[in-house]
Each structure stands twice: as structure tokens, then as C-alpha cells.
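Reader: I should like to learn how to read a protein model step by step. Might we go through one together?

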Amino acid sequence: MKRSEENEIVIVGGGICGLATALALHRKRIKSLVLERSEELRATGAAIIVQANGWHALDQLGVGSILRETAIQIQGGKFISLGEDEPKEVPFGIYKEFRCLKRTDLIKAMANCLPMETIRTGCQVVSIELDPITQYRQLVLSNGSILQAKVVIGCDGVNSTIANMVGLHETKLLRFSTCAARGFTEYPNGHQFPSEFAMMSRGQVQLGMMPMTDKLVYWFVTRLNTAQDSIISKDPALIRQSLMESMEGFPIHAMDMISNCKLNSLHLTDLKYRPPWDLLLNKFSKGTMVVAGDAMHATGPFIAQGGSASIEDAIVLARCLAQKMHNTTNGIMARSTVEEAFDKYVKERRMRIFWLSLNTYLVGKKLDAKSRIVRFVVIAIMFVLFRDPNCHLRYNCGTLHEEENLNYI
């Protein structure tokens, strides 16, 4: 094996959560190293919907103003129920700020704000061991090199290696009966869609669509899984064909949008989730290892909060680490200091991610339900627990402002 290299903080995963965590730490003048297993930074999925709470978090990272220039503000929305009779429309309002970003734009904006040496691509972690002498974590990479880290933060997604090591995978991730397809459709001469989020539903198929710019529209389709999806998901042309078949009875303009989509933007994925009750019972850290983002709280996409919650994680985690380091001599990261910071982070995030997860779980079960009775029961529970449609959006993850906690390190 190659000679080991020592690092203070290593972040495993260079997706949205990993880069947000690195940037939040950078804003607090704390260095970190991000390991991304792919040869280049890439974003899984086409776009990410960011609502008011997510924009607050992006503003703390210092990238909000840049990203606002890439996507128009959604002004309103409507639910459209398609049946045998005339379509029934129900309008709904937008709370403060609602935009849809290209995931690549978000990844690029955060990466560009980090020091050059922060991100290393082509680095896949195959195992993590504890050095018996230094008590540091030793990360063994696929190329044989070893990195020593005082702190390891797992932002490596749904199938997280780090989550497995802290014991989160003792309960397996579950799957909804619903899958989701996402894509872009470009209109070179401009489109005529208003700046609104439209949700159409027919049976157990739902289409959501919204403009990103005056020439680009983002859309997603949810439908029940089929036995062929494992094959279909590998071929964009098959994904499009499958969607066209599923959407029989939808308006012509919606069908045309799917038919004319950019094939290289298409993704079809099954939807994994961590049961909400697991989030109340599980530990999210072990010694100087901790998880964040989908590694911590994988959910379905049904309330459009997964990405924003991951960025909130980054803000809170960086703040907790910085506060604890500020209270130590010369900012030395003792094991006990890190553990205290992680305990504070988990305590602050646990109930937030539980309620997000529970809301998403109930929406997913409503879509999965074939029985009207089951659907009615789920809707009744949602009405009682989540009567306020903006309850998640008013959440404030706090700030990274220096005036709150000066000179952390």
C-alpha cells in the first residue's frame, strides 16, 4: 500500500451534500478534503426544486444570488385531476421563494467556491479502519493509498458506506411501489408555459412540470414500478417510450413535452427510503464518524425537500463543529470535542428530518395505495399532522455568520 496521508476532516462523497458541507466548513475557515469516487463531479438526476428553507441555506453558503440567475421564480401552482369528465383544477400558492435548479449548476456553483485542493475525484473508499496508535480513521482507497482522518463525514448517498459503518444499515432501506422519471424539454423558440408548478394526476400516474427558463422546462413523472424497469432504466429511449404509454389520456401538450425531451437528461429510478421511525431510534455518528444528507435520511422526492434538507445538514454540522472547536485551546480537534459536536448536530437535526421523512412517507404511501380506504386513511393522517402546507418551508437552519460565533479556529 502507498504511504498514508494525514487530514483533519475527510468528506466521503462529492455530491450536493458533500460539497455543501465542505463549503460550509470553508466559510468557517475549517479545511476539509472531499473524496468523490467518479472521475469528475457529477449530479445524479436532472434538477432540484429549492423552496424557501433551501434558499435560506444556499444564502448561508454564499451561492444563492448566483443560482437565482439560472432559474426563474415560480409564482403559483395548480393541481389538475384528469378523469373521464372535464379536468378539475385546484390552484395553490407559493410560499416566498420556489425555483427549480439544474443539479449541475448547483454542483458547479459550490465547487467553484472551494479552494482548488479541496476536491479529489476518482477516489473510492473501500474500507475504513481505526489506527490503534493514533486512534484516527484510516481510509483505504481503491488505488491502494491510505488517508488518515481525525474526522470522517459520510455524504455518500443512499447506498452509503459510512452509514453502514456507524450502524445505520442494520435496518435495510425500503422501496416505494412508485418509481420516478425526470427530464428536461427544451423549446428553442421559447415556450408558452406560465411561471407555475403544474401537477397533473390520472389514476396512479402523476406528472409535475415547471419552467426553469423561458426556453427550458423541467418535468417528472411518477408511476407504479414494473418488472421491466431494471432494463428500461438503462436506455433513455425506452424510458421515454414507457412514459408515453403510461401517460395515455394526458393532454397533448404534456405528451409532446415528453416526446420532445432531451434524451440525455432522462433518468428513471426506484425510490428508496429510510423508515421515519428509524430516524427516531438510530445513531447517526460513531466516534469521529458521522453521516449527513441521503446517507442519513434517504426519502422519496414527493415534497421536494431532500436536497434542501441535505444543505441544511451541512450548515448545522459546520456550525456545531466550529462552535466546539472555538471552545478548545488553539482549535485542536480532540476526539471528545468532535463527539460533542456530532451529538449536538444530531440532536438539532433529528426531529427536523423525522417530520420531513414522515410527510414524504405518507405521500408516497398515498400514491402507492390501490385501495380507496387506505388512501382515505393516509389522507386523514396527513390532514391532522400536516395541515399547514408551509410548515416545512418556514424552518430556519440558522446561519454561518461570524457575528454569532467569532474566530472559531
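Author: The dialogue below moves from the whole chain to single residues and then to the nonpolar cores. Please keep in mind throughout that this is a predicted model.

Reader: How many helices and strands are there in the protein?

Author: The protein holds 13 helices and 17 strands. Its radius of gyration is 22 Å, close to the 22 Å that the globule rule gives for 409 residues, so the protein is as compact as a globular protein of that length. The C-alpha trace spans about 70 × 45 × 40 Å along the principal axes.

Reader: What share of the contacts with a separation of 6 or more joins residues 24 or more positions apart?

Author: Such pairs account for 74% of those contacts. As for burial, 53% of the 409 residues count as buried. The accessible surface comes to about 19000 Å², and 52% of it belongs to carbon and sulfur atoms.

Reader: How far apart are the mean positions of the positive and negative charges?

Author: The mean positions of the 47 positive and 41 negative charges lie 3 Å apart.

Reader: Let us turn to a single residue. Is serine 177 buried, partly exposed or exposed?

Author: The general idea is to compare the relative accessibility with two cut-offs: under 20% is buried, over 50% is exposed, and the range in between is partly exposed. Serine 177 has 38% relative accessibility and therefore counts as partly exposed. This residue sits in strand E11, which covers residues 174-186.

Reader: Which residues does serine 177 touch, beyond those up to four places away in sequence?

Author: Serine 177 touches Arg223, Leu224, Asn225 and Asp368. In addition, its C-alpha atom is 9.1 Å from that of threonine 226, although 49 residues separate the two along the chain.

Reader: What can be said of aspartate 256 in the same manner?

Author: Aspartate 256 belongs to helix H8, residues 252-259. Its relative accessibility is 39%, so aspartate 256 counts as partly exposed. Aspartate 256 and threonine 185 are 71 residues apart in sequence, with 9.5 Å between their C-alpha atoms.

Reader: How many residues does the largest nonpolar core have?

Author: That core has 73 residues, and those with the most contacts inside it include Leu35, Leu58, Met110 and Leu139. Helix H11, residues 306-326, supplies the largest share of this core, ten residues. Apart from it lies another core of 24 residues, among them Ile80, Ala198, Ala254 and Met257.

Reader: Which residues are in contact with leucine 139?

Author: Leaving aside neighbours within four places in sequence, the contacts of leucine 139 include Val10, Val12, Leu35, Val125 and Ile146.

Terms used:
Residues numbered from 1 in each chain as written. Predicted model: local features only at pLDDT ≥ 70, side-chain atom pairs only at ≥ 80, totals over all residues. Heavy atoms only, no water. Helix = DSSP H or I, 4+ residues; strand = E, 2+ residues; numbered from the N terminus. Rg over C-alpha atoms; globule rule 2.2 N^0.38 Å. Buried < 20%, exposed > 50% of the residue type's maximum accessible area, 1.4 Å probe, protein only. Contact = heavy atoms within 4.5 Å. Areas by Shrake-Rupley, 256 points an atom, 1.4 Å probe, with all protein chains shown as cover. Lys, Arg positive; Asp, Glu negative; His and termini not counted. Charge placed at Lys NZ, Arg CZ, Asp CG, Glu CD. Core = buried A, V, L, I, M, F, W, Y, C linked by side-chain atoms within 4.5 Å.
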